[in-house]
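This briefing goes through selected residues, helix contacts and aromatic pairs of one structure. The topics follow as grouped points.

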Amino acid sequence: MGVGKTMNLFDEEEEKKFEFQPLAEKMRPTTLEDFFGQEEMVGKDSPIRKMIENDTITSMIFWGPPGVGKTTLAKIIAKQTDSLFYELSAVTAGVKEIKEMIEISKFNRVNGKKTICFVDEIHRFNKSQQDAFLPYVENGNIILIGATTENPSFEVNSALLSRSKVYVLKSLSKEDIVHILERALKENHEYKKVEIEKECLDIIADVASGDARTALNTLENVINITPFKKNKKVITKTSLEQSLQSKIFLYDKNGEEHYNLISALHKSMRNSDPDASLYYLARMLEAGENPLYVARRLIRFASEDVGLANPNALVQATSTYSACHYNGMPECNVNLAQLVVYLSLSPKSNSLYTAYMEASRDARSTSDVKVPLHLRNAVTKLDSELGNGKGYQYAHDYENKITNMQCLPDSLKDKTYYHPTKSGHEKKFFEILKKINEIKKNQ
């Protein structure tokens, strides 16, 4: 099997010497045997391993959180296949660079070489940039490998997506992270005079939340700022905490405190307490919580606890999610702060939540109940003969666009789920529903 040539198309400078590379780059695996945490993808008899071994690589998208090996796996594929490998960053590359890449791929093909183009953060390419690859992926000039932290179903053009296989990379386990840290300490000769408590590696792995790059960067930083004492660098749990200058660093995003804090934030907003809400928001963000996780929970709150008492709350929440997506931390902290205060001060109603929960219970217990015939579509002659659509009342033919037609099945005909409150804007919906019911009653 040939060895692929890895090239950064737009950086002709010689790579820095190995000893000047960050620890995370030094420890980047170069073979599948050293690639940890994605056994389902690259383990024995896995599709990707077979493609590498048979040199039959096809276009693919790697989707997963940061630091799980998307770029690393692409580079391993390059080294172990008979392909020329080029790397583009969607953050810095423009149309010019894409065109140059395409021309190079044409030249390679004429000379009997396959071209793998790796695009990091492919979701940042706009539609026209993504479309530029389409004909060349389709005709085989380019084997495209994209990496994204965002759901490719939403962020990658459907045409390009249909020509690529999506592989999902999962966050690394705590055990995988600890193994990577232990390997880094063992294989780097400059760390021979470093003594670190096993519990420290566990703490770093917890904080990294499945991100190997974060874990290695944290380890490197801690070692660098730890002074020598008697020709050794000794790192204990206490010194680790002191070096990082904040106990909040030890916040476990997957542990009990994670759920305690999001619960406290939710309940403080529900109780219309903006100060407590801001405090718990800050506790989470300053500890490194993913702002998009917080934003998603606030979107839920906007419907569950505010609802139609302030219909604009959901608009504000979804807009804030977009702001967090584009800004990232720390810039999006004030976006979230704005939303938290807005939701705290909004009138509250949980009538939508209680309505859906009751409806869902009935839906589960009556799943065998048929839709009433008059609400079914009569698409074919047989449908009409069976009575589908018979007796249906077209609301637009009636005064006020309302009929007294029964829409629920007979077994639930008198059931009501939505009971609006008189809180905020929902008072208007209370009056509207009252009027609708009066019109139906008098028909």
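Asparagine 231 counts as partly exposed, because its relative accessibility is 48% and the partly exposed class lies between 20% and 50%. The model is a predicted one. The points below start with asparagine 231, then turn to proline 291, the packing of α15 and α16 with α17, and the aromatic pairs.

**Asparagine 231**
- Asparagine 231 sits in the loop that runs between α11 (212-225) and β8 (233-235).
- From asparagine 231 to valine 194 the C-alpha to C-alpha distance is 9.4 Å, and 37 residues separate the two in sequence.

**Proline 291**
- Proline 291 belongs to helix α15.
- With a relative accessibility of 10%, proline 291 counts as buried, because the buried class covers values under 20%.
- When neighbours within four places in sequence are set aside, the contacts of proline 291 are Leu285, Met329, Cys332 and Leu336.
- Methionine 27 lies 264 residues from proline 291 in sequence, and their C-alpha atoms are 28 Å apart.

**Packing of α15 with α17**
- Helix α15 (residues 291-306) packs with α17 at an angle of about 20 degrees, and the two axes are 11 Å apart.
- α15 is therefore roughly parallel to α17, since angles under 35 degrees fall in that class.
- α15 and α17 make a left-handed crossing.
- On the α15 side, the contact is formed by Pro291, Val294, Ala295, Leu298, Phe301, Ala302 and Val306; on the α17 side, by Leu336, Leu339, Val340 and Leu343.
- By class, the residues in this contact of α15 with α17 are eleven nonpolar, no polar and no charged.

**Packing of α16 with α17**
- Between helix α16 (residues 312-327) and helix α17 (residues 333-345) the packing angle is about 165 degrees, with 9 Å between the axes.
- This makes α16 and α17 roughly antiparallel, because the class takes in angles over 145 degrees.
- The crossing that α16 makes with α17 is left-handed.
- α16 contributes Asn312, Ala313, Gln316, Ala317, Thr320, Ala323, Cys324 and Asn327 to the contact, and these meet Asn335, Leu336, Gln338, Leu339, Tyr342 and Leu343 of α17.
- Sorted by class, the residues of the α16 contact with α17 comprise eight nonpolar, six polar and no charged.

**Aromatic pairs**
- Searching the whole structure gives four aromatic pairs.
- One of the aromatic pairs joins phenylalanine 85 and phenylalanine 118, which are stacked, with 6.2 Å from centre to centre and 20 degrees between the planes.
- This pair links distant parts of the chain, as phenylalanine 85 is in strand β3 (residues 83-89) and phenylalanine 118 is in strand β4 (residues 114-120), 33 residues apart.
- Both phenylalanine 85 and phenylalanine 118 are buried.
- Tyrosine 279 and tyrosine 280 also form an aromatic pair, which is edge-to-face, with a centre to centre distance of 5.0 Å and an angle of 65 degrees between the planes.
- Tyrosine 279 has a relative accessible area of 44% and is therefore partly exposed.
- Tyrosine 280 is partly exposed too, with a relative accessible area of 24%.

Note on methods
Residues numbered from 1 in each chain as written. Predicted model: local features only at pLDDT ≥ 70, side-chain atom pairs only at ≥ 80, totals over all residues. Heavy atoms only, no water. Axes fitted to C-alpha atoms, helices over the stretch in contact; angles between N-to-C directions. Helix = DSSP H or I, 4+ residues; strand = E, 2+ residues; numbered from the N terminus. Parallel < 35°, antiparallel > 145°, perpendicular 65-115°, else oblique. Left-handed = near helix turned anticlockwise from the far one by under 90°. Contact = heavy atoms within 4.5 Å. Nonpolar A, V, L, I, M, F, W, Y, C, P; charged D, E, K, R; others polar. Phe/Tyr/Trp six-rings, centres within 6.5 Å; stacked < 30°, edge-to-face > 60°. Buried < 20%, exposed > 50% of the residue type's maximum accessible area, 1.4 Å probe, protein only.
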